[in-house]
Amino acid sequence: MGCATSVYAAVGTKKKLTVPEVVVFVPSTRIPAQSDLQKRLRGRIPKDVADRLSSLRNQIVFVAEDTDGSAIPELRRGLEEYLSLLIGLTNKEYGLEGLVEFKWRSLDDGKHRDASSSCVANSWFEVLSVVHMMAMLALLEADTVMIPKDHSGSSIRTVSSDCKREAVDLLLKATGHLEFCVREVLVHIPPEIKKSFPNDLQDGVLEAISFQTLGQGTEIQLGLAVDCQKATLSVKRRLACEQLSYFSQAYHCLSGRDHINNGYAKKHMWFIKWKFLESKAAAYYFHGLMVDKGNEPLCHVKAVCCFLAAEEILSESKKACLTFCLAAPVTRAAPLWGAMKHLHQKIPEVAARKSQMYGYLLEQEKVLQALPDLPEFQLSLRPDDYQLPEIDPAWESEKWETQSQSFKEHLNDSDDDGDETETK
């Protein structure tokens, strides 16, 4: 799972336990496993192309395993170079789409029961896995950016505005990769093959991560707005409501799926529930402040209802956070940061103060104490547009065209010989 590691010293033990800290949650990082590309491609494509494919893939395997996926820039460069060569295998004219079995595994194989490997003979599956890995690397990098290197387990967390904006850019990049997977890659893969995919690559899970990532980007933006004196209350409410909408959609994508009670999927679900509750508490708090500006007694009643609801939901979110942290694999939440650093203090204070101020109105307007609906806003955060790189020139060389044609003629000759034998 993508999370920067900090060391927590367990009292009464002889050694320190490493408990990862999570700001940006990465449900799963899958890396390529050793596959014999050259054997299957021998005689089908030029030897130098097959050698390059195999060499680039093996290099990615080595770096990912050697660094546990932490060498993000190096892995990203390798994946991009490999991808430009790989997409040649998806060309139907070459007839290579289902020729090679591509093996992938979870980076955490051997640590958790639900860690699984997969082996699929489909070049579009390999493209999907590569782009998915690029998305996960972007999330890992965003998580690293949001955890200062010198935090030393301190309860005080200071992250610069530049780092927060960089994290938002990385989250939008990851979302662009994920949406490309759903929109442009999965459509090329037959349903019977998709059924064999690991849970991480199922379309519903990909969509959930995409919405979750946009939600976390909006969460960072809300924190920046809370820290900015020029940001208006209406802007803060809109961001809180947008964040709630993203996490609501992410929760909907995962709800009802068979795998959510197992391992990482269960932890993923609890993370989304935790963030959903936090964003809902924030939305009701800022909406209450907006409603409370009215002069009518009913406005104050509705505002108090919002504040009390925000306080109750915030309490539920703390329980969801604890459940998320304790779900395997055990992690710990970062110290309060962004909007929640402000709201964990303000929501209980405002709820108590406004309840005392307008308690008499609550008694008079008991019938009208229904929780008001939150406003809906058009979602403003948009993922980066991602496109596959240009196909490597090796696939367009005269050498390849000649060999490809010779191979096709060889197949045709074999068919003709078979027909003559049957005729005799």
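These entries record what I looked up about one helix pair and one cavity in a predicted model.

**Entry 1: the helix pair**

I began with helix H9, residues 263–291, and helix H11, residues 338–357. I noted that the two pack at an angle of about 55°, their axes lying 11 Å apart. I therefore recorded H9 as oblique to H11. For the handedness, I entered a left-handed crossing of H9 past H11.

I then listed the residues that make the contact. From H9, I found Glu278, Ala281, Ala282, Tyr285 and Phe286. From H11, I found Met340, His342, Leu343, His344, Lys346, Ile347 and Val350. Sorting the residues of this contact by character, I obtained 8 nonpolar, 2 polar and 2 charged.

**Entry 2: the cavity**

I next asked how many cavities of 30 Å³ or more the model holds. The count came to 1. I noted a volume of about 40 Å³ for the largest cavity.

Which residues line the largest cavity? I wrote down Glu219, Leu222, Gln243, Glu278, Ser279, Ala282, Ala339 and Met340. By character, I divided this lining into 4 nonpolar, 2 polar and 2 charged residues.

**Entry 3: where the lining comes from**

I looked up which helices contribute to the lining. Helix H7, residues 203–227, supplies at least two residues, as do H9 and H11. H9 gives the most, with 3 residues.

Finally, I set the two lists side by side. Glu278 and Ala282 of H9 and Met340 of H11 take part in the helix contact, and Glu278, Ala282 and Met340 also appear in the lining of the largest cavity.

Definitions and conventions:
Residues are numbered from 1 along each chain as its sequence is written. This is a predicted model: local features need pLDDT of at least 70, side-chain atom pairs count only at pLDDT 80 or more; totals for chains, interfaces and linings use all residues. Side-chain values use heavy atoms; hydrogens and water are left out. Axes are lines fitted to C-alpha atoms, for helices over the stretch in contact, and angles run from 0 to 180 degrees between N-to-C directions. Helices (H or I, at least four residues) and strands (E, at least two) are DSSP runs, numbered from the N terminus. Angles under 35 degrees count as roughly parallel, over 145 as roughly antiparallel, 65 to 115 as roughly perpendicular and the rest as oblique. A crossing is left-handed if the near helix is turned anticlockwise from the far one by less than a right angle, and right-handed if clockwise. Contact means heavy atoms within 4.5 Å. Ala, Val, Leu, Ile, Met, Phe, Trp, Tyr, Cys and Pro count as nonpolar, Asp, Glu, Lys and Arg as charged, and the others, Gly among them, as polar. On a 1 Å grid over the protein atoms alone, a cavity is a set of points where a 1.4 Å probe fits but cannot get out, and a pocket is an open set with protein on both sides within 12 Å along at least five of seven lines; lining residues have an atom within 4 Å of a point. Grid points are joined across faces, edges and corners, and a volume is the space filled by probe spheres set on the points.
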